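Me: Got a minute to walk through this one with me? I'd like to begin with the pocket.

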Amino acid sequence: MPDVKVTYDKSVNAAYIYFTDPQVSVRSAHTYPCDPIDVDGMINLDFDEQGRLIGIEVLAAMSKLPEYVLQAAERLDSEGS
């Protein structure tokens, strides 16, 4: 199984975990927001037109994901440059 791509923007504290080939552009056809009260934050599941999970958006990422995941993520903010 190939590595999963993760991006992180510290300026907005948001991460995205991709379950698609990074070389292929796949658009989300449906987003399912998880209940922010149940998960103590906002997590959105993105699905393609066939109903396959293509990615997970994690807001308040520093409190939801292990630090090593965020450190290894591709940075989208100016600190990552």
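Me: By class, what is in the lining of the largest pocket?
Reply: Going by class, that lining has four nonpolar, four charged and one polar residue. Keep in mind that this is a predicted model.

Me: Ok, which residues are they?
Reply: The largest pocket is lined by Tyr8, Lys10, Met62, Leu65, Glu67, Leu70, Gln71, Arg75 and Glu79.

Me: And which helix gives the most to that lining?
Reply: That's helix H3, residues 67-72, with three residues.

Me: What volume does the largest pocket have?
Reply: About 160 Å³.

Me: Tyr8 caught my eye. What is Tyr8 in contact with, leaving aside neighbours within four places in sequence?
Reply: Quite a list: Asn13, Ala14, Ala15, Ala61, Met62, Leu70, Ala73, Glu74, Arg75, Leu76 and Asp77. Among these contacts, Met62, Leu70 and Arg75 also line the largest pocket.

Me: Now the core. Which members of the largest nonpolar core touch the most other members?
Reply: Tyr8 is one of them, along with Ala15, Ile17, Val58, Ala61, Leu65 and Leu70; the core has 13 residues. As for where the core comes from, strand S1 (5-9), strand S2 (14-18), S5 and H3 each supply at least two of its residues.

Me: Switching to the sheet. In what order do the strands run?
Reply: Six strands make an open sheet, ordered S3-S4-S5-S2-S1-S6, and the pairing is mixed. At the edges sit strand S3 (30-33) and strand S6 (74-75), each of which pairs on one side only.

Me: What holds paired strands of a sheet together, in general?
Reply: Backbone hydrogen bonds, with the strands either parallel or antiparallel.

Me: So S3 and S4, parallel or antiparallel?
Reply: Antiparallel, over four bridges, with S4 covering residues 43-47. Tyr32 has Leu45 as its bridge partner in S4, and Pro33 stands opposite Asn44.

Me: How many bridges are there between S4 and S5?
Reply: Five, again in the antiparallel sense; S5 is residues 53-59. Asn44 turns up here too, standing opposite Glu57 in S5.

Me: How many residues lie between S4 and S5 in their hairpin?
Reply: Five residues, and Gly51 in the turn has a positive phi of about 85°.

Methods. Residues numbered from 1 in each chain as written. Predicted model: local features only at pLDDT ≥ 70, side-chain atom pairs only at ≥ 80, totals over all residues. Heavy atoms only, no water. Pairing = 2+ DSSP bridges. 1 Å grid on protein atoms, 1.4 Å probe; cavity = no way out; pocket = protein on both sides within 12 Å on 5 of 7 lines; lining within 4 Å. Points joined across faces, edges and corners; volume = space filled by probe spheres on them. Nonpolar A, V, L, I, M, F, W, Y, C, P; charged D, E, K, R; others polar. Core = buried A, V, L, I, M, F, W, Y, C linked by side-chain atoms within 4.5 Å. Buried < 20%, exposed > 50% of the residue type's maximum accessible area, 1.4 Å probe, protein only. Contact = heavy atoms within 4.5 Å.
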